[in-house]
Structures are given as structure tokens and as C-alpha cells.
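Trainee: Could you take me through one part of this model up close? I'd like to hear how a single helix sits against its neighbours.

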Amino acid sequence: MDIVLEVCDYYILDKLYAKALPRGGAVDQFIQNSPVIQQVSSKVSQFFPTSAVSGYEPLDNAVFGNGTAAAAASSVANSLNYQFNSTSINAANLPAFLWAKIMSFQSKSDIYGYKPSFLPAGEYFSSSLLARSNLFREALSILAITTLFGWLLYLTVAYLSYVFVFDRRIFNHPRYLKNQMWLEIHRAMTAIPVMVALTNPFFLLELNGFSRLYFDINECTGGWKFVLMQIPMFILFTDCLIYFAHRWLHWPAVYKVLHKPHHKWIVCTPFASHAFHPVDGWIQSLPYHIYPFLFPLHKVLYLGLFTFVNFWTVMIHDGNYMSNDPVVNGTACHTVHHLYFNYNYGQFTTLWDRIGRSYRRPDDSFFIKETDEEREKREWKQQVTQMEEIRNEVEGKVDDREYASS
Ligand SMILES: [Zn+2]
Ligand SMILES: [Zn+2]
């Protein structure tokens with residue numbers, strides 16, 4: 001995320017923040033002259049003496065003196081550690097000790113914003129009251145960037161899929177909802193900013209050096225071979241965790257509150273891909289964000305994988321059954337999940353569904369390409385009969401969906 005943020009800061013945001021909240025401007029003067037804010041700042045930096053909290057650059061300088069952020073943070077951590085070990089447990093220094101412990105997980109050279117990494121320092125690099133390293137600024141920028149990127153990616157990929165891949169015969173399916181596609185788009189567009197806001201803490205931890213993301217490919221970091229290995233590792237790790245998260249989301253009490261909105265779509269269009277309750281979407285995306293805190297992952301590859309999973313999510317909702325592979329959890333498998341609820345919870349592979357005995361082989365009829373309306377109607381009728389039986393068990397007798405055909 002630091003690569004993306006630095007590009008955005010360099011080209012757009014440095015100038016925007018400099019104009020909105022200039023250093024030495026009215027707000028800056030107010031803060032400098034406000035005894036209350038100064039008191040709060042000094043209290044906060046006393047308990048949590050690191051850049052991650054202070055953010056505001058004059059205060060950062062006060063905390064770090066003339067040394068680098070890295071040196072200052074590690075000396076603070078060391079001295080507090082020493083203080084704690086050499087004296088009895090003292091309630092007064094406990095918060096600072098715990099904070100220092102947390103900071104010991106931080107890679108000091110990976111803290112974002114103190115110096116430019118990929119691009120030069122532009123004209124407005126340090127012209128704003130809110131420095132690049134300010135937590136509030138980071139949170140705000142990330143919220144804006146990832147929301148816009150999320151909307152753009154969702155709309156572009158789903159639209160391309162709708163135009164070039166999607167099988168529109170599904171519009172005539174007896175369980176296609178009235179105005180379904182617009183309902184899906186509305187649900188996804190309103191969910192994305194909330195999902196992004198919930199994910200923001202992970203991005204902030206990354207920007208402050210707590211993840212195992214890295215950039216340099218060399219012998220110490222395992223070279224290209226290790227970068228390539230990260231692709232199957234990431235897919236297998238996230239596939240496993242999403243399976244269990246998804247099964248938990250089908251637990252009746254949780255299903256009713258969080259997951260039912262995504263199962264409103266019995267048959268899907270590509271726009272159903274991100275149409276979730278935001279907390280549901282966030283829970284299912286957690287494995288992607290947890291991975292780089294547990295395992296080393298190349299920063300550019302992470303961006304690529306993040307884009308890929310969004311593509312994949314659209315693809316498994318597009319109703320175009322290209323793959324009948326027994327290992328890949330493709331569109332046909334996910335269609336089975338939307339139709340029959342209790343099967344195929346996986347995301348990328350059928351591995352965990354097979355282990356968890358929830359795998360259901362997609363109907364052979366999914367893969368017949370010729371249009372035979374009569375045959376299709378017969379099959380849809382059979383699907384509806386089976387589906388209604390399971391839906392009754394999962395959701396109860398009342399169905400509040402409004403179908404286009406009714
Ligand atoms: Zn589900
Ligand atoms: Zn789905």
C-alpha cells in the first residue's frame with residue numbers, strides 16, 4: 001500500500017493537503033497556541049513515545065530529536081525494556097512498556113512518510129500541517145484511494161464480464177429478482193466504502209512497518225523463486241481461511257444477520273460479486289489482509305494478488321461455466337452455492353469442501369452450450385424445486401424476495 005500511497009501523495013495528495021491545511025496556516029497557529037492541545041499531545045507522547053501516535057511533524061521532531069525515526073524508536077524501546085526489566089512492575093510505566101513491546105515488532109525502515117522511497121520529494125512534500133506520516137492523514141488518504149479503486153475495479157471488471165462473458169439467459173430464470181442487477185450494484189457500491197473503512201487498520205499497520213511485506217528481491221529475501229512460491233502459498237492459505245469463515249457465516253444466527261444479503265441472489269450477475277453486507281465482505285477478505293502479517297510477501301505481488309482476487313470474485317458470479325475442473329472452485333461451483341446454499345463454500349479450490357464433505361459436483365446441464373429453451377425450462381424447474389426445499393430449511397418458510405417472473 002505504501003507504493004500506491006506514495007504515488008498518490010506525490011502526484012495529488014501532497015498538494016491537496018498543503019492547500020487545505022498549510023504548515024503555518026490558521027489551524028497550525030491555533031494548535032501551536034492552544035495550551036489544551038499541547039497538554040494532550042505531551043501526555044500522549046509520554047505514554048506512547050513513537051511516531052505512530054504523534055504523527056504531527058513538529059511533535060515528531062520533539063519526540064525523535066535530530067536522530068532518525070528508526071534510531072529514536074528503537075532507543076525508546078530499549079530504554080523502556082531495560083527500565084521494565086530492572087525494576088518491579090510499575091503501573092505507571094506499564095502502558096509505555098507495552099507500547100514499546102508492540103513497537104519491537106515494527107520494522108523501523110518501513111515506516112511510511114518520513115522520507116520518499118520510490119519517487120523524489122516533490123514541491124509540497126513537507127508543506128502541510130498533516131505530514132505524510134500522520135496517522136489521521138494516512139487513514140483518510142487510504143479510505144479515499146481504496147474506495148475509489150474498489151469502486152473502479154468492481155464496476156470495470158463486472159461491466160466487462162457483463163458485456164463479454166456473462167450468459168444473459170439467466171434473466172429468464174424463474175429465480176431472477178425484479179431489478180436484480182441494480183439491487184446488486186447498489187448493495188456493492190454502498191458496501192465497498194464500509195469494507196474499506198473496516199480494513200483501514202490493516203493498511204495503517206502495513207504503512208507503519210508491522211507487516212512482513214518487502215520490496216527488494218535478493219538472496220536475503222529468497223530471490224525470485226520465493227516470490228513465485230508466494231502465489232500458491234497465498235492462494236492456499238486464503239482458500240482455507242475463507243472456507244472456514246464462509247462456513248461460520250452459514251451458521252443460522254450469523255447467516256440471518258450477515259450473510260443472507262449475499263444469498264438474496266439465487267442466480268447471479270457479475271455485479272453480485274461484491275454485493276455483501278459490508279461486515280460479511282470484510283470477514284471474507286480478512287485472510288488476504290492477515291497473510292502479509294504472518295508470511296513474507298512481495299509488495300508488488302501483493303497488489304497483483306489483491307487485484308486478482310477481485311477479478312476472481314467477479315468471475316465466479318458471471319454464470320459462464322468454462323471450467324468443470326474437479327480441483328478449481330469455478331463459476332459452476334459457486335452457482336451451486338447460490339442455488340443450494342449448503343455446498344461449495346470454497347473460494348479458489350474444492351479442497352476444503354472435499355475435506356469438509358460439503359462438495360457438490362455442478363450439474364452436467366450447466367455445461368451444455370446449445371440453446372434449447374424447453375430443456376432449459378425443465379432444468380430450471382428442477383433447480384427451483386430442489387432449491388426451495390433447501391431454502392426453507394436455511395431461511396424458513398417466508399421468502400421476502402421479489403422475483404421478476406412473478
Ligand atoms: Zn454463502
Ligand atoms: Zn457469491
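Mentor: Let's look at helix α8 and its partners, starting with some ground rules. This is a predicted model, where local features need pLDDT of at least 70 and side-chain atom pairs count only at pLDDT 80 or more, while totals for chains, interfaces and linings use all residues. Residues are numbered from 1 along each chain as its sequence is written, and chains are lettered from A and ligands numbered from 1 in the order in which they are written.

Now the setting: the chain has 16 helices and 2 strands (DSSP runs numbered from the N terminus, with H or I over at least four residues for helices and E over at least two for strands). Of its 406 residues, 35% count as buried, which takes 20 or more other C-beta atoms within 10 Å of a residue's own, placed from the backbone.

On to α8 against α9. Their axes lie 8 Å apart at an angle of about 135° (axes are lines fitted to C-alpha atoms over the stretch in contact, and angles run from 0 to 180 degrees between N-to-C directions). That makes α8 oblique to α9, oblique being what remains outside under 35 (roughly parallel), over 145 (roughly antiparallel) and 65 to 115 degrees (roughly perpendicular). The crossing is right-handed, as the near helix is turned clockwise from the far one by less than a right angle. Among the residues making this contact are Leu135, Ile142 and Trp151 of α8 and Ala188, Ile192 and Phe203 of α9 (contact means C-beta atoms, placed from the backbone, within 7 Å). By class, the contact has 15 nonpolar, 4 polar and 1 charged residues; Ala, Val, Leu, Ile, Met, Phe, Trp, Tyr, Cys and Pro count as nonpolar, Asp, Glu, Lys and Arg as charged, and the others as polar.

Helix α13 (residues 299–315) packs on α8 too, at about 40° with the axes 10 Å apart. That makes α8 oblique to α13. Here α8 contributes Leu153, Val157, Ala158 and Ser161, and α13 brings Thr307, Asn310, Phe311, Val314 and Met315. This contact has 6 nonpolar, 3 polar and no charged residues.

Finally, the largest nonpolar core has 22 residues, with Ala188, Ile192, Trp265, Phe271 and Ala275 touching the most other members; such a core is a set of buried Ala, Val, Leu, Ile, Met, Phe, Trp, Tyr and Cys residues joined through C-beta atoms within 7 Å. Two or more residues each come from α8 (135–164), α9 (180–207) and α14 (331–340), and α9 gives the most, with 6.

Definitions and conventions
Buried ≥ 20, exposed ≤ 12 C-beta atoms within 10 Å, placed from the backbone. Contact = placed C-beta atoms within 7 Å.
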